[in-house]
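Trainee: I would like to go through this structure with you, question by question.
Mentor: Please do; we shall begin once it is displayed.

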Amino acid sequence: MDTLALVVLIVGIAAVVVASTAVIRSRRLRADDEQIPVNRPGLIEPEPVTTSPAGLTPGMVNTLLKESTTSRDVLITLIDLAQRGFLAITVLAHPDRPAHDWVLTRTTRRTDGERLHGFEHFLLNQVFTGPDDSVTLSSVVTSTGQVLSRTKRQLREDTMGRGWFQHGSTVNNRWGWAGGVVIVIGLVLAVLGVIQVMATGHWGVLVGPVLIVVAGLELASLGRLMSKRTDEGASTRDELLAYRRHLDSLSPEQIPVEEASGILRDSLSYALAFDTAEQLGLVIEQVVDRAERWGARIDLGLEWFRTPEGDRPVSAFVVTVAGFVDAGARLADERGGEF
């Protein structure tokens with residue numbers, strides 16, 4: 001190996017080390033960014049955040065935290081709209097198999113004057129033709145009009161347009177250009193190396209250029225790993241994660257009987273987005289049991305989600321609601337599968 005090839009090899013190794021270190025650091029920072037903030041011992045405990053950030057719906061949670069939007073977010077939006085009285089959901093049992101479908105029925109509640117986001121209006125108008133209209137979840141997910149995918153785009157655009165993220169793709173472009181330049185340099189050196197291989201038969205001269213190309217690819221990927229949140233977006237994220245920490249810390253002893261219904265109503269869809277709904281259901285169920293031992297009955301307002309079994313323990317009810325979201329998301333991924 002001549003001196004020039006040795007220099008290119010050393011440069012290639014150094015470039016890969018630097019790029020790999022940057023990628024690993026960015027992945028670690030992104031993972032830390034998605035963790036729930038924990039108070040440090042010895043510091044003054046901040047006031048608990050007991051409500052979700054203003055203007056943020058359960059369907060927006062995933063986009064704000066992970067900068068991605070999925071079909072699951074649209075299905076959680078359906079649950080949120082049902083809780084708010086815009087539709088009812090009924091479990092449709094199949095006698096010949098254990099799985100279920102769900103019937104969605106539009107209520108007569110009008111959207112005029114309601115504080116609905118654009119994607120929520122879009123979803124209701126796409127799923128239903130008018131009041132009392134009914135459709136199955138499976139038909140919505142597999143519809144030729146691609147209701148879920150179109151609503152998903154609307155949801156993402158709405159969330160990204162709320163000032164929580166930088167406009168455009170400045171971060172992606174900067175690292176993309178840097179990576180692209182490094183890749184071009186590596187390819188040029190590779191072409192020169194191939195010419196040298198044809199003359200000498202020594203394939204080792206190609207190792208350095210290949211490493212430089214690899215380093216360029218890693219640099220180009222950095223833009224996707226770095227957060228694009230604005231200061232407002234970072235503040236909203238911190239408030240949202242503080243709200244999640246509040247939900248995670250809820251215990252039956254903390255919840256007055258008269259507030260159990262409101263907490264379940266306001267928190268269930270967010271708990272679904274956080275994937276902690278079953279924990280919330282167990283907590284509320286213990287509050288209900290405590291009230292019944294005192295001779296009181298709590299009306300949790302669960303009529304929007306109907307099951308053949310009728311009244312069920314809160315934890316079982318929440319599992320069924322989560323099953324609606326999970327099954328719909330799974331079917332959306334399969335695109336044409338069956339329940």
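The exchange below concerns helices, strands, salt bridges and the surface.

Mentor: A preliminary remark: this is a predicted model, in which local features need pLDDT of at least 70 and side-chain atom pairs count only at pLDDT 80 or more, while totals for chains, interfaces and linings use all residues. Residues are numbered from 1 along each chain as its sequence is written, and side-chain values use heavy atoms, with hydrogens and water left out.

Trainee: What span is expected for helix α3?
Mentor: Helices are DSSP runs of H or I with at least four residues, strands are runs of E with at least two, and both are numbered from the N terminus. Helix α3 covers residues 71-83, which makes 13 residues, and reaches 19 Å from its first C-alpha to its last. The expected span is 1.5 Å times one less than the number of residues. For α3 this gives 18 Å.

Trainee: How many residues of α3 are buried?
Mentor: Buried means under 20% relative accessible area, exposed means over 50%, and partly exposed lies in between (1.4 Å probe, protein chains only). The buried residues of α3 include Val74, Leu75, Ile76 and Leu78. The helix is largely enclosed by the rest of the structure, because the buried count is 12 of the 13 residues.

Trainee: Which residue with a positive phi follows α3?
Mentor: The phi in question is near 95°. The residue that follows α3 with this value is glycine 85.

Trainee: Which residue forms a salt bridge with aspartate 80 at 2.8 Å?
Mentor: A salt bridge is a side-chain nitrogen of Lys or Arg within 4 Å of a carboxyl oxygen of Asp or Glu. Aspartate 80 counts as buried because its relative accessibility is 10%. Its partner has 26% and therefore counts as partly exposed. That partner, with the closest N and O atoms 2.8 Å apart, is arginine 84.

Trainee: Is arginine 237, in its salt bridge with aspartate 238, buried or exposed?
Mentor: The closest N and O atoms of this pair are 2.4 Å apart. Aspartate 238 has a relative accessible area of 40%, so it is partly exposed. Arginine 237 has 8% and is therefore buried.

Trainee: Which residues do shared salt-bridge partners join into one network?
Mentor: The whole structure holds 7 salt bridges. Those that share partners link three residues into one network: Asp80, Arg84 and Glu120.

Trainee: Over how many bridges do strands β2 and β3 pair?
Mentor: Two strands pair if DSSP finds at least two bridges between them. Strand β1 (residues 87-93) pairs with β2 (residues 100-106) in the antiparallel sense over 7 bridges, and leucine 87 stands opposite arginine 106. Leucine 104 has valine 135 in β3 as its bridge partner. The pairing of β2 with β3 (residues 134-136), also antiparallel, has a bridge count of 3.

Trainee: Which residues does histidine 246 touch, leaving aside those up to four places away in sequence?
Mentor: Histidine 246 lies in helix α9 (residues 231-249). Its relative accessibility is 19%, so it counts as buried. Contact means heavy atoms within 4.5 Å. On that basis histidine 246 touches Val49 and Thr50.

Trainee: What is the relative accessible area of valine 191?
Mentor: Valine 191 belongs to helix α7 (residues 170-200). The residue is exposed because its relative accessible area is 51%.
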